[in-house]
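Biologist: Please put the model up. I have some questions about it.

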Amino acid sequence: MKKIQIKTVKGFNEVLPPESFRWRLVEDKFRDLLEGYGFAELRLALLEPTELFARSIGGETDIVEKEMYTFADRSDRSLTLRPEGTASVVRAYNQYSLGKSSEINKLYYVGPMFRYERPQKGRYRQFHQLGAEVFGEESFYQDAETLVMLAQLFHALSIKGVELHLNSLGCDACRPAFRDHLKDYLSQRHEALCEDCRRRSLENPLRALDCKNPYCREAVADAPPISDSLCDDCSLHFTGLCGLLEDAGIDFQINPRLVRGLDYYTRTTFEFLAGDLGAQNAVAAGGRYDRLVEELGGKATPAFGFAIGFERLMMLIGSEVAPLTSPLVALIPLGEEALGLLFPIHVDLNRKAQVTTLSFQQKSLKSQLKKADKDGVIYALIVGQDELAQGEAICRNMRTKEQTKLPFERLRESLRELYHEC
RNA sequence: GUGGGUAUAGCUCAGUUGGUUAGAGCGCAGGAUUGUGGCUCCUGAGGCCGAGGGUUCAACCCCCUCUACUCACCCCA
């Protein structure tokens, strides 16, 4: 007989215990911090009309050109599994007119994203992001608040060695001029560029700054920095942000080559990079996108957002941060009658938190104690023939080996008292 | 889409120039005076040696094809 084994689709990332407990702890910290800053959660659709991403992320980007899970549904509509969260948040912001109630302007989300890429370290086809977006705030104070908040998150998670890289991409007033300027510069060095950059230099010249090819890096080493082309407003916005970060004691470096793979960004753009992650070293990234809400059919609304790669974040957290809780008491019945006596207590005490464990199989005292030890319980409650005859259970402290007797009538209360002692 | 590496027990991995019953550690199960855990010792279960084909008297080992995983390029979180 041939055994068939059905497995997950390539690159689809699942989280098993005990890792899933660690995810919960980290996710809770994220939620607590964000909600402390006034963010509210949005639970979004995983499937969107393809057009949403083509319009928001940009039709010329790699994500849209070759990395999306796009297919036709039974009515022949083109749908796409979301490759990122911002487009959906903006879509929802417009669809439900969230901007009209002033208190809902800070939103966060947690969940899986999908990109059809070749999997490697820190990169999966189904991966998870923690993201947030702020709408309606143009001030660089907003950029600063969000970046400080992210730094606080890394600090709270005891993650060290994360570098903040910053840049400004300008706005509609100053970016086109820079773009043309850069285009000219690149066309003069056409011969020195890789194939991709030759293409980029026409369609999306900013991306050529980001190329990892060493020859390209050399060729664009003295490219005009965008900071020289920023208009006064953008320039003030950026220096204002940098000043606030310095005041807050946040280390950062300005990286004029930092551009984003998504077309919607304006002004501030940033990445948090971690050396320990291998080639995929961005653990969080984002920036300002003052035009996107309007481009997706809403009222012109400035916005700032970011996304954290959950898997990458978890790679930076040492596995020592995994204090799994143990149950307090192992209930140890010897025989069917004892099991019947302990079962109602077991289900009663565990309603709110796991207090007891109970084996339904008839196992020897020895093996049950062994299991209790492995589970890390503090007390073992033994009920066998002798105890049934006497109407008292033996309560053994697994650390001190002290044993006391607890009368059956008061078992629940006695166990509750033990619970409150710990 | 393009390269490199890997594939043997639930996990981490050995396995000689091809030689007949395939190994360890951890984990799991049971036992070492009848109803008392951790340490130690003993025993056991668990493998079509990734799949298919080829060479050979003989293949986990050599050759070919495929698949999966993995790292890197590309790109991104």
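Modeller: Helices (H or I, at least four residues) and strands (E, at least two) are DSSP runs, numbered from the N terminus. This is a predicted model: local features need pLDDT of at least 70, side-chain atom pairs count only at pLDDT 80 or more, and totals for chains, interfaces and linings use all residues. Residues are numbered from 1 along each chain as its sequence is written, chains are lettered from A and ligands numbered from 1 in the order in which they are written, and side-chain values use heavy atoms, with hydrogens and water left out.

Biologist: How far apart are the C-alpha centres of domain 1 and domain 2?

Modeller: The bounds come from an automatic or database domain assignment. Chain A splits into domain 1 (19-174 + 230-316) and domain 2 (329-421). Their C-alpha centres are separated by 50 Å.

Biologist: Which element gives the most to the surface near RNA strand B?

Modeller: Near means that a heavy atom of the residue lies within 4 Å of the strand. Elements that each supply at least two residues include β6 (126-135), β10 (282-288) and α13 (365-375). The most, six residues, comes from α13.

Biologist: How many residues of the surface near RNA strand B are charged?

Modeller: Asp, Glu, Lys and Arg count as charged. In total, 48 residues surround the strand. Of these, 14 are nonpolar and twelve polar; the charged ones number 22.

Biologist: Which residue has a polar backbone atom 2.2 Å from a base nitrogen of RNA strand B?

Modeller: A polar contact with the RNA is a pair of N or O atoms within 3.5 Å. Gln280 places a polar side-chain atom 3.2 Å from a base nitrogen. The backbone atom at 2.2 Å belongs to Met398.

Key. Polar contact = N/O pair within 3.5 Å; in protein donor to acceptor, adjacent residues only side chain to side chain.
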